[in-house]
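The exercises below are meant to be worked through with the sequence and the model side by side. Please try each task before reading its solution.

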Amino acid sequence: MKVQFTETVLRDANQSLIATRLPYAKFAPILSAMDRAGYYSLECWGGATFDSCLRYLDEDPWQRLRGIRAACPNTKLQMLLRGQNLLGYKHYPDDVVRMFVAKSVENGIDIIRIFDALNDMRNIEVAVDETLKRGAHASGALCFTTSPIHSLDAFVKVARQMADMGVQSICIKDMAGIMGPQEAYDLVKALKESVSLPIVVHTHNTTGLGPITLVKAVEAGADVIDTAISSFSGGTSQPATETLAYALGQMGYQVDLDDKVLKEINDYFKPIKDEDLKSGLLSPLVMGTETDALTYQVPGGMLSNLVAQLTAQKALGRLDEVLAEIPKVRADLGYPPLVTPMSQMVGVQATANVLAGQRYKNVSKEIKSYLRGEYGQAPGPVNPEVRKEILGDEAPITGRYADLLKPGFEAAKAEIGPLAQSDEDVLSYIAFPAQAEAFFQKRRERETHTYSYSIRRVDE
Ligand code: CO
């Protein structure tokens, strides 16, 4: 039996440990080694990388992707896509979703892992359809969570729906690292029996369950597992690549990773980790084993965001209260899985409930949209009192929300005008208008004043 590995250091490990602040220039020199390691794929784009490039790193995310593509001609490049939300926090019209997928593939993506935070399959069908049309691999991800309404049968049903759409693999996405080894075993087995597709397992080591869970998943027949090179593994990141390769190899599984290359990659990332620890970008808080997450179901990115948010508001001492409030907010909202964007929305709401000293005194516009049905169908019943308090008697949307949206690409193109130099720029602008516009302005200044420098950047 063969087991394959998706390396997450460039995306999820980066996102979960250092809030996605790894600049392209810092990892560019190791890309050719990563291309030689024997990975199934490199998860390197999507998720929060796109936002972070524009907002914090003064980088063109498309340029980053092209750079990785050029340096890694032999390895599949993978991205994470939030279905109809793309890389943002709201639904986009179908023409934008299709264009985004098309351009992602055109710029170098091979595998698009597509999920919907609510496991509402209407919200991934357009992205899946376009991925298939563009000849890329569509991986349908189901968000694992535990709640009174999330049963094994419910997950199998979601997987079947995805298989019917034509996805080429199914990913179990345990964004909170709360999936235990037995749950993983049972779920992988159930999926293997009901859909004849490769099964990919994604978890986080937040609670320390990660490696045991992955081993049991492989025993049940999982084909691919997500891991991070060891210096950027553990804690809210993924379990370590080398550790799993070693353990599974010893157990008799065929592992096609090159140990020497893995060591080269790890040696490269070690000093980066040390720097990040020294600067405080990497907090020891997210590196340990946090078994509270088994109760609170807090994903890696969410936990590090909460710590950052509360630290900024000089309220880190109230973290425990916020963590206790999260499951209550979640129950009120019909048990949405805590994955982006729901994790941020629930986290912000729980923080507001605690800091205001009164529940739902301040409610974000995203939570209001959620309650209206703009994110899709809530997995379970919403607390009617909470809904009434926030929305009054407003009727919920019952159809697919994106059907109500006007096409958006051409309008955005006209709006941003010549500042956008390509369709990719227009997509950046649609995804993160203010950040993209600021980035374009800076880019224009650079191009005017330091022409030779800008040429060098383009070739990186
Ligand atoms: Co993840």
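**Exercise 1: a proline in a loop**

Task: find which residues Pro336 touches, not counting residues up to four places away in sequence, and decide whether it is buried or exposed.

Solution. Pro336 touches Leu118, Arg330, Met342, Tyr370 and Pro379 when residues up to four places away in sequence are not counted, a contact being heavy atoms within 4.5 Å. The residue lies in the loop between helix 15 (319–332) and helix 16 (342–356), where helices (H or I, at least four residues) and strands (E, at least two) are DSSP runs numbered from the N terminus. Because its relative accessibility is 0%, Pro336 counts as buried; buried means under 20% relative accessible area, exposed over 50%, and partly exposed in between, with a 1.4 Å probe and protein chains only. Pro336 and Ser147 are 189 residues apart in sequence, and their C-alpha atoms are 9.1 Å apart in space.

Before going on, note that this is a predicted model, in which local features need pLDDT of at least 70 and side-chain atom pairs count only at pLDDT 80 or more, while totals for chains, interfaces and linings use all residues. Residues are numbered from 1 along each chain as its sequence is written, and side-chain values use heavy atoms, with hydrogens and water left out.

**Exercise 2: confidence**

Task: state the mean pLDDT of the protein chain, and say over which residues the pLDDT is below 50.

Solution. The mean pLDDT, the predictor's confidence in each residue from 0 to 100, is 93 for the protein chain, and 96% of its residues reach 70 or more. Over residues 451–460 the pLDDT is below 50, and this stretch has 10 contacts in the model beyond near neighbours in sequence.

**Exercise 3: the barrel**

Task: determine how the strands of the closed barrel are ordered and paired, and what packs on the sheet.

Solution. Start with the order: the closed barrel has 8 strands running 1-2-3-4-5-6-7-8, with parallel pairing, where two strands pair if DSSP finds at least two bridges between them. From one strand to the next the twist averages 30°, with axes taken as lines fitted to C-alpha atoms (for helices, over the stretch in contact) and angles running from 0 to 180 degrees between N-to-C directions. Helix 5 (residues 61–71) packs on the sheet, where it touches strand 2 (41–46) and strand 3 (76–81), and its direction makes about 165° with that of strand 2. As one example of pairing, strand 6 (residues 169–173) and strand 7 (residues 199–202) run parallel and are joined by 4 bridges, and Cys171 stands opposite Val200 in strand 7.

**Exercise 4: the cobalt site**

Task: identify which residues coordinate the cobalt ion, then follow the side chains of His204 and His202 to their partners.

Solution. The cobalt ion is coordinated by Asp12 (OD), His202 (NE2) and His204 (NE2), at 2.0 to 2.1 Å. Donors here are N, O and S atoms within 2.8 Å of the metal (3.2 Å for Na, K and Ca), and water is not among the atoms, so sites may look incomplete. Along the chain these donors follow the spacing D-x189-H-x1-H.

Next, take His204, which is found in the loop between strand 7 and helix 10 (210–219) and counts as buried because its relative accessibility is 3%. The side chain of His204 reaches the backbone oxygen of Thr236 at 2.6 Å.

Finally, His202 is also buried, and its side chain makes a polar contact with that of Asp226 (2.6 Å); a polar contact is a pair of N or O atoms within 3.5 Å, where within protein one must be able to donate a hydrogen and the other to accept it, and residues adjacent in sequence count only if both atoms are side-chain atoms. Asp226, placed in strand 8 (residues 224–227), is buried with a relative accessible area of 0%, and its side chain also makes a polar contact with the side chain of Arg113 (2.8 Å).

**Exercise 5: phi of two loop residues**

Task: give the phi of Ala19 and of Asp58, and place each residue in its loop.

Solution. Most residues other than glycine have a negative phi. Ala19, however, has a positive phi near 50°; it is found in the loop between helix 1 (9–18) and helix 2 (24–27) and is partly exposed at 28% relative accessibility. Asp58, likewise not a glycine, has a positive phi of about 50°; Asp58 sits in the loop between helix 4 (49–55) and helix 5 and is partly exposed, with a relative accessible area of 22%.
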